[in-house]
Amino acid sequence: MKSLIKQLVETPGPSGFEYEIRDVIREAIGDAADELRVDALGSLIAKKGVKTEQGLRVMISAHIDEIGLMVTHVDDRGFLRFTNIGGINPLTCYGGRVLFMDGTRGVIGMDSIESGKTPKLTDLFIDVGATSKEDCPVKVGDVCGFERPFIDLGKRMVAKSMDDRVAAAVAIEVLRRLESTPHEVHFVFSTQEEVGLRGATTAAYGIDPDLGFAIDVTRSGDTPRFSPKMATALGDGPAIKVRDSSFIADPRLVDWMIKAAEEAGLPYQLEVLEAGGTDGRAIQLTRGGVPAGCVSIACRYIHSPSEMVDSDDVENAVQLLVKLLSEPIVLK
Ligand code: CO
Ligand code: ZN
């Protein structure tokens with residue numbers, strides 16, 4: 001799976017501009033799905049299975065957009081000012097490299113470096129090597145993502161956009177390994193999550209699921225002196241979300257997931273995320289309401305260009321999802 005993850009994380013696709021990553025994913029799914037379609041907001045929806053008497057219509061959502069930057073102004077010397085697409089921390093920007101959708105590369109500079117002062121986004125600019133406005137290849141409205149190669153540290157993997165491409169890789173692998181299911185499963189590779197769960201909102205309405213869950217990353221509380229107390233840690237297994245700041249997972253789904261993990265002998269951990277949301281909210285609040293939850297992958301340094309996950313957590317998440325979807329779902 002590492003080569004698939006590398007390919008996904010290195011493909012640019014800030015929110016609203018997911019056309020390239022969507023093509024890569026479509027290619028990776030190949031004939032593992034029964035049906036593939038793209039909806040009006042650009043989400044790729046892969047359907048697998050036929051709903052049997054004991055089956056449900058299930059929606060699983062992994063977002064394929066990533067945080068990025070959008071140009072707001074080009075000055076006479078060709079420097080670019082920008083705004084954020086999704087949650088960008090200015091601390092992680094200075095000296096970083098960016099890649100525009102047309103292949104243009106740039107570096108992020110700062111107006112002045114005052115020690116001890118945290119920069120604001122407005123103190124930063126992008127330098128694409130232009131000498132004037134005229135020879136600058138980028139215009140207002142153009143978007144870029146961070147550029148950072150995937151690195152394999154053995155048990156741990158690091159890349160920009162592990163949020164949420166690692167979940168897209170998990171979903172693709174589940175599609176490949178799922179041999180039979182009593183359910184009609186719709187794997188949604190959703191757009192525009194980082195700007196407000198928009199792709200999953202319309203996909204959920206369109207699919208009208210009986211039940212659904214997101215796959216996303218969550219913070220890990222296992223780094224030195226990490227201040228918000230969080231129980232999740234890299235390598236402790238897929239995290240079953242109890243709540244985040246966007247929704248409270250249906251407790252029956254939480255129990256269903258815990259029971260499946262225990263039956264399969266898979267490690268798992270419980271997640272309470274105090275700041276952050278997922279597509280699970282969009283599924284839960286569609287139409288008249290849907291039982292919804294989320295399976296998370298613990299991740300360090302989220303929304304930085306170096307997000308770290310554990311390979312065993314990724315593999316165990318795939319196994320948990322295959323188990324969940326292979327059997328009838330009884331919510332108690
Ligand atoms: Co995110
Ligand atoms: Zn995410």
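1. In this predicted model, Glu194 is buried, with a relative accessible area of 14%. Glu194 supplies two OE donor atoms to the cobalt ion (ligand 1). The other donors of the cobalt ion are Asp163 (OD) and His303 (NE2), and the distances run from 1.8 to 2.6 Å.

2. The arrangement around the cobalt ion (ligand 1) is irregular, because its four donor atoms subtend angles of 54 to 152 degrees, whereas a tetrahedral label would need all angles between 85 and 135 degrees. Along the chain, the donors of the cobalt ion follow the spacing D-x30-E-x108-H. Glu194 and His303 link distant parts of the chain, 109 residues apart. Glu194 sits in the loop between strand E12 (184–190) and helix H4 (198–207), and His303 in the loop between strand E16 (292–299) and strand E17 (307–310). His303 has 18% relative accessibility and therefore counts as buried, the cut-off being under 20%.

3. The second metal is the zinc ion (ligand 2). Its protein donors are His63 (NE2), Asp163 (OD) and two OD atoms of Asp216, lying 1.9 to 2.8 Å from the zinc ion. This site is irregular as well, with angles of 49 to 149 degrees among the four donor atoms.

4. The donors of the zinc ion (ligand 2) follow the spacing H-x99-D-x52-D along the chain. Asp163, in helix H3 (residues 162–177), and Asp216, in strand E13 (residues 211–219), are 53 residues apart and link distant parts of the chain. Asp216 is buried at 4% relative accessibility.

5. What lies between the two metal sites? Asp163 bridges the zinc ion (ligand 2) and the cobalt ion (ligand 1), and the two ions are 3.3 Å apart. Asp163 has a relative accessible area of 7%, so this bridging residue is buried.

6. A separate point concerns strands E6, E7 and E8. Strand E6 (residues 97–100) and strand E7 (residues 105–110) pair in the antiparallel sense over three bridges, with Val98 opposite Gly106 in E7. The two strands form a hairpin with four residues between them. Within that turn, Gly103 has a positive phi of about 95 degrees.

7. Strand E7 also pairs with strand E8 (residues 124–127), in the antiparallel sense and over four bridges. Here the bridge partner of Ile108 is Ile126 in E8.

Conventions:
Residues numbered from 1 in each chain as written. Chains lettered and ligands numbered in written order. Predicted model: local features only at pLDDT ≥ 70, side-chain atom pairs only at ≥ 80, totals over all residues. Heavy atoms only, no water. Donors = N, O, S within 2.8 Å, 3.2 Å for Na, K, Ca; no water. Tetrahedral: all angles 85-135°; square planar, octahedral: opposite > 155°, others 65-115°. Buried < 20%, exposed > 50% of the residue type's maximum accessible area, 1.4 Å probe, protein only. Pairing = 2+ DSSP bridges.
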